[in-house]
Amino acid sequence: MTRPRSLHKPVTARAHGKINLHLGVGDPGPDGYHELVTVFEALGTPETVTVELAAEDSVEVTGRYASAGIPLDENNLALAAVIAFREHTGWGGNVEITIDKQVPVAGGMGGGSADAAAALVAVAKLAGFEDREQLRQIAATLGSDVPFALLGGIALGRGRGDDLTRVLSQGTHHWVLATSTGTLSTPEVYRRVDELREQSAGQSPASSGDEQGPDVAQGVGDGETRSGPARLAEPTEVLAALASGDIEKLAAHVHNDMTEAAVSLLPDIAHVMDEGRRAGAHAVLLSGSGPTVGFLAQNATHALELAVLLEASRGVREVVRTTGPARGAHIVT
Ligand code: C5P
């Protein structure tokens, strides 16, 4: 194999955060990972990653979330992506990485995964590497959401969420995202999903009336979180609503199986969801494993109204307005 020639000027790439329009969680496999059926939508919140050849690897974080405690060592997903790229391709360069963070950190919006996807595209360009399929395979080793950050748009994800099929959609979606003053760890929310299922499996249907109020009831839907893998049926209504551009239908069918678990760990989430419903949001949806909550608005004006009302809500750190779908990881220089 001929070694591709490295570029000597910096390369900048961009990828975006996401929300899951549908997140069906199955049972954990032997590796502890849960089987998923999910519909991702890339949102307009960008992560911009610049890589440049250097004597040694380094990471700098700038932008809106520069001081959010992002690791600067190999635990940083952008640097992890460069390291994985070197291992898979034999490329020998070291890089200085600069990340401009605009996706809320640790909220279930896949900002770290977007960093990894953007870093992969940038380092591939720097290295003169053009095999997009191999990049996709490297992405899958970095995290469940990284292949989607690479692809962008709207996609159906199976397996760990990394087996992707593009989804046809029409129109633009206006989202308001409310980040939380609290924190949640993704593995902990998955564990809580398992615990709640074990508990409900041990209860008779008559005794499972552990009502947690209307907030939670809407989030978990019609009891489907309490059954087994049948839950992982295709999200056909969501896919049909996307194809026809029917926002009302989409709003009626978005769903996240992790809602009950996230709310049980951080009850303020239920309050924020309820505030959004009262403020007239079309759909109220936990973003991934949370704690960020997404609110689907009718249009840009409605999104602004929702944002103003949500900003004052207890448990909300900040409110971000954005639209989807957005592009996958791409070079911007
Ligand atoms: O792959 P990713 O880094 O996004 O996953 C973070 C954690 O979330 C995993 O270590 C695992 O505990 C949990 N997870 C899971 N099933 C999935 C995806 C993630 O249990 N399909």
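The exercises below work through the ligand site and some backbone features of this predicted model.

**Exercise 1.** Identify which residues are around the ligand, and sort them into nonpolar, polar and charged.

*Solution.* Begin by listing the shell, which is made up of Gly32, Tyr33, His34, Leu36, Gly143, Ser144, Arg160, Thr186, Pro187 and Tyr190. Next, sort these residues by character, which yields four nonpolar, five polar and one charged. The nonpolar group takes in Leu36, Pro187 and the tyrosines, because Tyr and Pro count as nonpolar in the scheme used here. Gly32 and Gly143 are placed with the polar residues, because that scheme counts Gly among them.

**Exercise 2.** Find the polar contacts that Gly32, His34 and Ser144 make with the ligand, and state how much of the ligand the protein covers.

*Solution.* Apply the cut-off for a polar contact, which is a pair of N or O atoms within 3.5 Å. In the side chain of His34, an N or O atom lies 2.7 Å from an oxygen atom of the ligand, and for the side chain of Ser144 the corresponding distance to a ligand oxygen atom is 2.7 Å. Gly32 takes part through its backbone, where an N or O atom is 3.4 Å from a ligand oxygen atom. Turning from contacts to area, the ligand on its own has 450 Å² of accessible area, of which the protein covers 74%.

**Exercise 3.** Place the ligand within the fold, by pocket, by element and by domain.

*Solution.* Start with the pocket, where the ligand is found to sit in the largest one. Then go through the elements that give two or more residues to the shell, namely β2 (34-54) and α5 (186-201); of these, α5 gives the most, with three residues. Finally, consult the domain bounds: domain 1 (11-168) and domain 2 (173-324) each supply at least three residues to the shell.

**Exercise 4.** Locate the cis peptide bonds that precede Pro291 and Pro325, and the positive phi of Ala106, along the chain.

*Solution.* Take Pro291 to begin with: the peptide bond that links Gly290 to Pro291 is cis, with omega near 5 degrees, and Pro291 belongs to the loop between β9 (283-286) and β10 (293-297). Continue to Pro325, which is joined to Gly324 by a cis peptide bond with omega of about 0 degrees and which lies in the loop between β11 (316-324) and β12 (330-331). End with Ala106, whose phi is positive, at about 55 degrees, although this residue is not a glycine; Ala106 is located in the loop between β4 (94-101) and α2 (111-127).

Note on methods
Residues are numbered from 1 along each chain as its sequence is written. This is a predicted model: local features need pLDDT of at least 70, side-chain atom pairs count only at pLDDT 80 or more; totals for chains, interfaces and linings use all residues. Side-chain values use heavy atoms; hydrogens and water are left out. A residue is near a molecule or strand if one of its heavy atoms lies within 4 Å of it. A polar contact is a pair of N or O atoms within 3.5 Å; within protein, one must be able to donate a hydrogen and the other to accept it, and residues adjacent in sequence count only if both atoms are side-chain atoms. Accessible areas come from the Shrake-Rupley method with a 1.4 Å probe; for residues, only the protein chains shown count as cover. On a 1 Å grid over the protein atoms alone, a cavity is a set of points where a 1.4 Å probe fits but cannot get out, and a pocket is an open set with protein on both sides within 12 Å along at least five of seven lines; lining residues have an atom within 4 Å of a point. A molecule sits in a cavity or pocket if more than half of its atoms lie within 2 Å of its grid points. Helices (H or I, at least four residues) and strands (E, at least two) are DSSP runs, numbered from the N terminus. Domain bounds come from an automatic or database domain assignment.
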